[in-house]
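User: I have a structure to study and would like to work through it in short questions. Can you take me through it step by step?

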Amino acid sequence: MDSTTKQASSRKSGESASARQLKTGGFWKVFKQQKFLYLMSVPFVIWAFIFSYVPLWGWLMAFQEFRPARSFFEQKWVGLDQFITLFQDQQFYLALRNTLAMSFLGLIFGFIFPVVFAILLNEVRGILFKRTVQTVSYLPHFVSWVVVAGIVTKSLSTDGGIINELLVSLHIIDRPIQFMAQGQWFWGIVTASDVWKEMGWNTIIYLAAITGIDQEQYEASKVDGAGRFRQMWHITLPGMRTTIIVLLIMSIGHLVSIGFEKQFLLGNNLVTDYSQVLDLYALKYGLEMNRYSYGTAISIFNSVISIVLLFTANGIFKKTTKESIM
Amino acid sequence: MAGKWLKRIMIPLSVVSLATATACGGSSDPTQTETSDVSTPITISFFGSDASPTWNNMKDDVGQAITKATNVTINAEYDVSGGGTQKIALMTASGEYPDTIFPKGSITKLVEAGALIDLTDLINKYGPNIKKVYGNDLSRLQYSKDDPSIYVIPTNAGVGEAKFDAGGGFELQHQVMKELGYPKIKTVKDFENVLKEYKEKHPTINGQPTIPLTLNADDWKIMITVTNPAFLATGAPDDGEFYINPETYEAQLHYKRPEEKEYFRWLNHMYNEGLLDPETFTQKNDQYLSKIASGRVLGLIDQDWDYQQAENSLKTSGMSERTYGHYPLQLDDSTKDRSFQDIGPPVGYGIGITTSAKDPIRIIKFLDWMASDEAQVLNNWGIEGKHYEVKDGKRVIPADVQERKINDNTNFTKESGIGMYNFSVHYGDSVKDSTGNYYTTNFPEQILASYSQPEKDALKAYGATTWKDLFPAKDEFPVKAWGAAYNLPSPDDPSYNVAYQKSQDIVRKRIPEAILAKPDQFDSIYDQMVSELSTDEMKKMEASYSQLIKDTVELWGTNKK
């Protein structure tokens, strides 16, 4: 947050002047000029320091054989042993594959659907209808995953589940399909329920971006003879581009840390080869077995991957579209 | 924005902060004083690893009576889904514990973290009742050969217990048996035929499709209804995930026994015949219970405590004929069900006092009071004049109370608190107190009184008074030298734990896969599982478990050689 404040502030205070001053080393001058802005960012800097940097010392645990209830100095140092065990474990690679697969699917569909939905909603003329659709579509966001998982399992059940009943009565299939028992369906089920739950909510930010587009552009294009689809393609979409890219880069940073609620609640023993994700692996083989050091090693790995992904994505977008968050 | 993503990737933080945020407080309760004086009120915090949905924060009758007698309030927290492993892992990470804890299998983690205090001296000084109930020889309670401390007082099993009734085996609805003329059943094949015949007669029950057999494979329950029955139906006793050779004390993962492969082959056959619910391995615990509660599941392979809730709701809605009887079936008639094999004095799962407890003496005094005759009768029978009466020196439960116990058990337990205060060592079924009454309410007359009419009819047809009469009796088998292996604290060695976890992951994946396979693929899947369970890592794990059993037998002096 602090860097945004800074960026925003430098932008506001006359781009040309301050930018030039920064380059020529007039940092203190600018600092003086903007001292209130700096002051306002101080609480956030402190916040980020306490919650994001101080706990970093816990990473040392990954190089120890940590046993609870002993002081830091009584722990045994084991070097890179934890990482070696980690990289030798087959299950870890399986978990990594599942994590990346589900997060990429989530990333792709979690972007396409809200963007398309936002554009479509924007084209709706009746305000009452638009508001109703919007509200109804983001309500699932407030339902917890426990409940959503219950709804999903129940609707996909072979014992009176609505999806199977529907497919059977439409004669698409002869016998109910065991959706939850097939590993290859699992990624799809997770992605679909995620889209169902979060689509409406994620649409809000794009709708906000669309509101920011200058209405004159639409009028001008109308004069030039552009139809509805042309307007969407040439005005609405480019108008949303900055927002889309910023959100995209940030989600790429979270690719490996997708949490485990969905997989934990929707999974079962038959689909573990497809449902085991890194966080679940860390819980099972780390925390639950008192192997705190091993768990820490997994999260260091996660963090490193996240940073690499984030910088790569940022670099690519910076080069190709000139948009970036850093 | 930088702060935001940084926050997300600092995962070690989450381990540390989660631990502090969710740590079980209570020991910092300001009302707690540092006196062992029993007259001052005290709050004792407690964590139980088993779920306890009927816990009513001592607002029930028994709870009020306990507080009145001891000035103790128990601030209890129970694990939501049962097991408690995650919660206890967080406790050891943070070093903050409740005053008292029922850790089940996680006791090794607590001992390793130095969280439990040695109770030996406390019991010797302040525990006359505990010693009276358990007996003067406390050596069985010692933790291990290397660490002779006593960390827990066994609360799970009753001392001197001779069960009057059976709660396991294979279950069949009374209605099914009645309609088929109470056939004699001995093997799983008979079970299969019963299910098949009844299902053909009644494809639907109450308008919904009949489910001949369903199992509960959600999380650890898979052990109870899928893997444990494999050894029970092949004549082996319950030793957790291991089979222990009674002669050599060598342990092996029990699924490797060839007999058990045949049991799973039978389940595979049941699935392919359409008799085993296809949702068995995908349904959650609540779906399982709701199916049973709808009355259309004909048979189960479970323990009564696992499906009790559903059975209670069947009774509440007046469908007692859809509740279940217990039958000790075997894969073939060469073996016997060993559910009732004697395991000797109870050890294992129990309650311990942690280092966070400010006043262990006061707590042990309370636990000792809970082991007194007065407290045991209170917990088992309730309040005199309300939940039971004494007629001619005999404790009797009035008919209206008994009626509620049977047909409205959940609400009744919440209001009365009967049976909720299992905080100390206690006598089991069949033990009588000085007045000649049983300590527990499970005694022949009482059990008979708690049976519903369809249940009585079924028992009568089989010439039995209780379900236990159908099971092979205790004296048909020798006493197990090592007790029950699942009661012993497992070896505290990271490589053992990792291998064990891996073996469980393999089993929980492969066995469902094998059962749901086409019959001709069953062998290859099962054999693959056995080979995955026979790696060096697994053999090392089995070897250290064998060592544990041998050490235990030596410690207890029960070695017959």
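The questions below go from the contact between the chains to spans and strands inside each chain.

Analyst: One caution before we start. This is a predicted model.

User: How many residues does each chain bring to the contact between chain B and chain A?

Analyst: Count each side on its own. Chain A brings 53 residues to the contact. Chain B brings 46 residues.

User: What share of the area buried between chain B and chain A comes from carbon and sulfur atoms?

Analyst: Start with the total. About 4,500 Å² is buried between chain B and chain A. The share from carbon and sulfur atoms is 59%.

User: How many salt bridges link chain B and chain A, and how far apart are the closest N and O atoms of B:D505 and A:K284?

Analyst: Side chains of opposite charge can pair when their charged atoms come close. Between chain B and chain A the count is three salt bridges. One salt bridge joins B:D505 to A:K284, and their closest N and O atoms are 3.0 Å apart.

User: How many residue pairs are in polar contact between the chains, and which helix gives the most to the side of chain B that touches chain A?

Analyst: Between chain B and chain A, 15 residue pairs are in polar contact, with both residues at pLDDT 80 or more. On the chain B side, the elements that each supply at least two residues include α1 (2-9), α2 (11-22) and α20 (494-515). The most comes from one helix, with 10 residues: α20(B).

User: How many nonpolar, polar and charged residues are on that side of chain B?

Analyst: Sort the side of chain B that touches chain A by class. Eight residues there are polar and 14 are charged. The nonpolar residues number 24.

User: Which residues of chain A does UniProt list as "transmembrane region", and what percentage of residues 292-317 is helix?

Analyst: An unreviewed UniProt entry lists residues 36-60, 100-121, 238-260 and 292-317 of chain A. In the model, residues 238-260 are 70% helix and 0% strand, with end C-alpha atoms 35 Å apart. For residues 292-317 the end C-alpha atoms lie 37 Å apart, and the helix share is 100%.

User: Which strands are at the edges of the five-stranded open sheet of chain B?

Analyst: Strands of a sheet pair through backbone hydrogen bonds, either parallel or antiparallel. This sheet has mixed pairing and the order β2-β1-β3-β13-β4. An edge strand pairs on one side only, which fits β2 (72-78) and β4 (153-154) of chain B.

User: In what sense do β4(B) and β13 pair, and which residue stands opposite B:I153?

Analyst: Two bridges join β4(B) to β13 (residues 350-353), and the sense is antiparallel. Opposite B:I153, in β13(B), is B:I351.

User: Is the pairing of β11 of chain B with β5 parallel or antiparallel, and what about its pairing with β8?

Analyst: Take β5 (residues 170-173) with β11 (residues 297-300): two bridges, antiparallel. There B:E171 stands opposite B:L300. Now take β8 (residues 211-213) of chain B, where B:I211 stands opposite B:V297 in β11(B). Two bridges join β8 to β11(B), and this pair runs parallel.

User: How many residues apart in sequence are the parts tied together by B:K104 and B:D50?

Analyst: B:K104 and B:D50 form a salt bridge, with the closest N and O atoms 2.7 Å apart. B:K104 lies in the loop between β3 and α5 of chain B, and B:D50 in the loop between β1 and α3, so the pair ties together parts that are apart in sequence by 54 residues.

Key:
Residues numbered from 1 in each chain as written. Chains lettered and ligands numbered in written order. Heavy atoms only, no water. Contact = heavy atoms within 4.5 Å. Buried area = accessible area lost by both parts, 1.4 Å probe. Salt bridge = Lys/Arg side-chain N within 4 Å of Asp/Glu carboxyl O. Polar contact = N/O pair within 3.5 Å; in protein donor to acceptor, adjacent residues only side chain to side chain. Helix = DSSP H or I, 4+ residues; strand = E, 2+ residues; numbered from the N terminus. Nonpolar A, V, L, I, M, F, W, Y, C, P; charged D, E, K, R; others polar. UniProt positions renumbered as here; feature names shortened; annotations may be inferred. Pairing = 2+ DSSP bridges.
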